[in-house]
2 protein chains.
Amino acid sequence: MRFGVLGTGVVGRAIAGRLAALQHDVRMGTRDPGKTRAVAEPDARGNPPFGAWVARHPGVGLATFAEAAAHAEIVVNATNGEVTLDVLHAAGEANLAGKVVIDVANPLDFSSGFPPTLFVKDTDSLAEQIQRAFPAARVVKALNTTNAAVMVDPGALSGANHSIFVCGNDAGAKAEVTALLRRFGWLDIIDLGDLTAARGAEMLLPLWLRLMQSLKTPIFNFRIVR
Amino acid sequence: MRFGVLGTGVVGRAIAGRLAALQHDVRMGTRDPGKTRAVAEPDARGNPPFGAWVARHPGVGLATFAEAAAHAEIVVNATNGEVTLDVLHAAGEANLAGKVVIDVANPLDFSSGFPPTLFVKDTDSLAEQIQRAFPAARVVKALNTTNAAVMVDPGALSGANHSIFVCGNDAGAKAEVTALLRRFGWLDIIDLGDLTAARGAEMLLPLWLRLMQSLKTPIFNFRIVR
């Protein structure tokens, strides 16, 4: 299947790499592919430059946001929440229409430093903002509640004995995303209902950030015990 | 030890009943004890009237908010979040000073129906509001992230193989609450740090409410798998 992964950061790389390993046809989207390839230094968190990463993932293509979205049957929003709507507008409404859009982003506002606050919450969510801006897209919120490494390889943490959530207004889209998550190794996939449930999934982030500090690792996840 | 449990609803009853079973000296606080005892009908959710409950818990006393707090060495705020500050003012600043106050409440706003929104969040929390209003109280946020039945008997759900959080600015108070939670049966008690972590614990509620709907039961909890 053809995927367009928007965003070339840690989350985009994890998802694109995993999709390519599963033999999918993956094109990553960025604002300026030449610039992204030309970065020579690690980023502020010590992640290697994109060129070094993609050299180890030769199956993954790099294109503009619009080209990656046009190429795709399924689009993954792996951008920072603060630029998500701009990026999706750059990708182009026509290139998203009718397609499953997996929204992995969180509406984090780092303008006052760490910990970030949420720039939308409680009565609205980033996922709903996306759905309103692109009504023909089939938006599914998923994977935003855990670390990038856990997202794509849940089995490496406690034998995948933990949970992940999906929500969205299109049952067929949720079924496609659920099948993909099973390929990633997820065993406990909980359907939270329509896209308003993204409010709860995004509002988990403040607790997630405190847990990361208390546990001194980002490699953890929530299991819903029932 | 002497406890004052403020609030006579489902949460207050669960905690007071459990504390009495553990041989503590428990007084529940309410606005008007005579009125609370006189209620003859079940509440809107079908819970029995207080008189019927307390007849099965003869060790639990009933008093005004101020009397219950004055009696207590540890105060439990088991009120609805919307009335919490009013109730604590009725309990009286002097009756809270120097005492551990376990805040179990959530800042739920039902004024627009179900699901509720949060009347404080993200940059502040109900627990912090309490601490600011009563600076001499030793506020610990705990137990607000799960159902009343699970709060006091975690072992009945999956052998207590799930997690609970504490946070607060007073290390000694957190240690006292942690010891109490162990008596309740909690095995995995995670210290989230200072009271600003209550923001994350309270912002878990929207996801909790969606999970209750999806799972069709309130008897579940989060385990932090790491």
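Q: Before we talk about the axis, how are the copies superposed here?
A: Copies are superposed by least squares on the C-alpha atoms of residues with pLDDT of at least 70 in both. Keep in mind that this is a predicted model.

Q: Great, so which residue of chain B comes closest to the rotation axis?
A: That's B:Arg223, with its C-alpha at 2.4 Å from the axis.

Q: And what turn and shift lay chain B on chain A?
A: A turn of 180° with a shift of 0.0 Å along the axis does it, and the RMSD is 0.0 Å. The two copies are therefore related as by a two-fold rotation axis. The same surface serves both copies, too: 100% of the contact residues of chain B recur in chain A.

Q: Nice. How many residues does each chain bring to the contact?
A: Chain A gives 35 residues and chain B gives 35 residues.

Q: What area do they bury?
A: About 2,800 Å² between them, with 68% of it on carbon and sulfur atoms. On the chain B side, B:Leu207, B:Arg210 and B:Val225 supply 23% of the area buried against chain A, more than any other three residues.

Q: B:Arg210 caught my eye. Which side chain does it meet in a salt bridge?
A: The side chain of A:Asp194, at 3.2 Å from N to O. Between chain B and chain A the count is four salt bridges, and there are 15 residue pairs in polar contact, both residues at pLDDT 80 or more.

Q: Which element gives the largest share of chain B's side?
A: Helix 11 of chain B, with six residues. Other elements giving two or more residues include strand 10 (188-191) and helix 10 (198-202) of chain B. By type, that side divides into 18 nonpolar, ten polar and seven charged residues.

Q: What about strands across the interface, parallel or antiparallel?
A: Antiparallel: strand 11 (residues 221-225) of chain A pairs with strand 11 of chain B over five bridges. In that pairing, A:Val225 has B:Asn221 as its bridge partner.

Q: Switching topic: which residues does a cis peptide bond join in chain A?
A: A:Phe114 and A:Pro115, with omega about -5°. A:Pro115 sits in the loop between strand 6 (108-109) and strand 7 (117-118) of chain A. In chain B, a cis peptide bond joins B:Phe114 and B:Pro115, with omega about 0°.

Q: Last one: is phi of A:Ser158 positive or negative?
A: Positive, about 55°, although A:Ser158 is not a glycine. You'll find A:Ser158 in the loop between helix 8 (148-152) and strand 9 (163-168) of chain A.

Note on methods. Residues are numbered from 1 along each chain as its sequence is written. Chains are lettered from A and ligands numbered from 1 in the order in which they are written. Side-chain values use heavy atoms; hydrogens and water are left out. Contact means heavy atoms within 4.5 Å. Buried area is the accessible area (1.4 Å probe) that two parts lose on being put together, summed over both. A polar contact is a pair of N or O atoms within 3.5 Å; within protein, one must be able to donate a hydrogen and the other to accept it, and residues adjacent in sequence count only if both atoms are side-chain atoms. Helices (H or I, at least four residues) and strands (E, at least two) are DSSP runs, numbered from the N terminus. Ala, Val, Leu, Ile, Met, Phe, Trp, Tyr, Cys and Pro count as nonpolar, Asp, Glu, Lys and Arg as charged, and the others, Gly among them, as polar. Two strands pair if DSSP finds at least two bridges between them.
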